[in-house]
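I opened the model today to look up a few things about its packing. My entries follow in the order I made them.

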Amino acid sequence: EAGGTPPSPPHTQTTTRSLADSRALAFAQAMGVSCLLFTLVSYAAPLAVVRVVLATRSVEYMPLSLSLAVFLSGFSWAAYGFLKADPLIALPNLAGGLLGTVQLAVYAGVLSQARI
């Protein structure tokens, strides 16, 4: 080309693009793991109250609506993750659904003992 800059050799463009792609992939993976950990902590946080509920034999500190929401949300998102074949969505939410099941079981157990 007259007066312009010569085009970059093809191998240089490929190297630059693959470096950018690998950085984007590393960032996406780091974000996926961060979101996975945040999801697990969010689902497990209400379990901190289970010890109080079992000690006091009262569900006063563990609202049924929260336990039910954890249960339904976990299994709904897990189903979506399995349908999309995305383990970063399916597995932590499956764990969340199971943790919601534990909360509901504790709630039901404490209520049934309180009525006896």
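Leaving aside neighbours within four places in sequence, which residues is Gln 103 in contact with? I looked this up before anything else, keeping in mind that the model is predicted. I list Tyr 43, Pro 46, Leu 47, Met 62, Ser 67 and Val 70 as the contacts of Gln 103.

I placed Gln 103 in helix α4. I count Gln 103 as buried because its relative accessibility is 0%, and the cut-off for buried is under 20%. I then looked for a polar partner and found that the side chain of Gln 103 makes a polar contact with the side chain of Ser 67, at 3.2 Å.

I turned to the other end of that pair. Ser 67 is found in helix α3. I note a relative accessible area of 1% for Ser 67, so this residue is buried. Not counting residues up to four places away in sequence, I find that Ser 67 touches Met 62, Gly 100, Gln 103 and Leu 104. Met 62 thus stands in my contact list for Gln 103 and in my list for Ser 67.

Next entry: the nonpolar core. I looked up the largest one and got seven residues, namely Val 50, Val 53, Val 59, Met 62, Val 106, Tyr 107 and Val 110. Helices α2 (50-56) and α4 (87-115) each supply at least two residues of this core. I record α4 as the source of the largest share, three residues.

I picked Val 59 from the core for a closer look. With neighbours within four places in sequence left aside, I find Val 59 in contact with Val 53, Tyr 107, Val 110 and Leu 111.

I also checked Phe 82, which lies in helix α3 (residues 64-83). Not counting residues up to four places away in sequence, Phe 82 touches Ala 90, Leu 91 and Leu 94. For Phe 82 and Leu 94, which are 12 residues apart along the chain, I note a separation of 9.6 Å between the C-alpha atoms.

Last, I took down the totals. I count four helices and zero strands in the protein, and along the sequence I read the pattern α-α-α-α. Of the 116 residues, 19% are buried. For contacts between residues at least 6 apart in sequence, I note that 65% join residues at least 24 apart. The protein exposes about 8100 Å², and I enter 70% of that area under carbon and sulfur atoms.

Notes
Residues numbered from 1 in each chain as written. Predicted model: local features only at pLDDT ≥ 70, side-chain atom pairs only at ≥ 80, totals over all residues. Heavy atoms only, no water. Core = buried A, V, L, I, M, F, W, Y, C linked by side-chain atoms within 4.5 Å. Buried < 20%, exposed > 50% of the residue type's maximum accessible area, 1.4 Å probe, protein only. Contact = heavy atoms within 4.5 Å. Polar contact = N/O pair within 3.5 Å; in protein donor to acceptor, adjacent residues only side chain to side chain. Areas by Shrake-Rupley, 256 points an atom, 1.4 Å probe, with all protein chains shown as cover.
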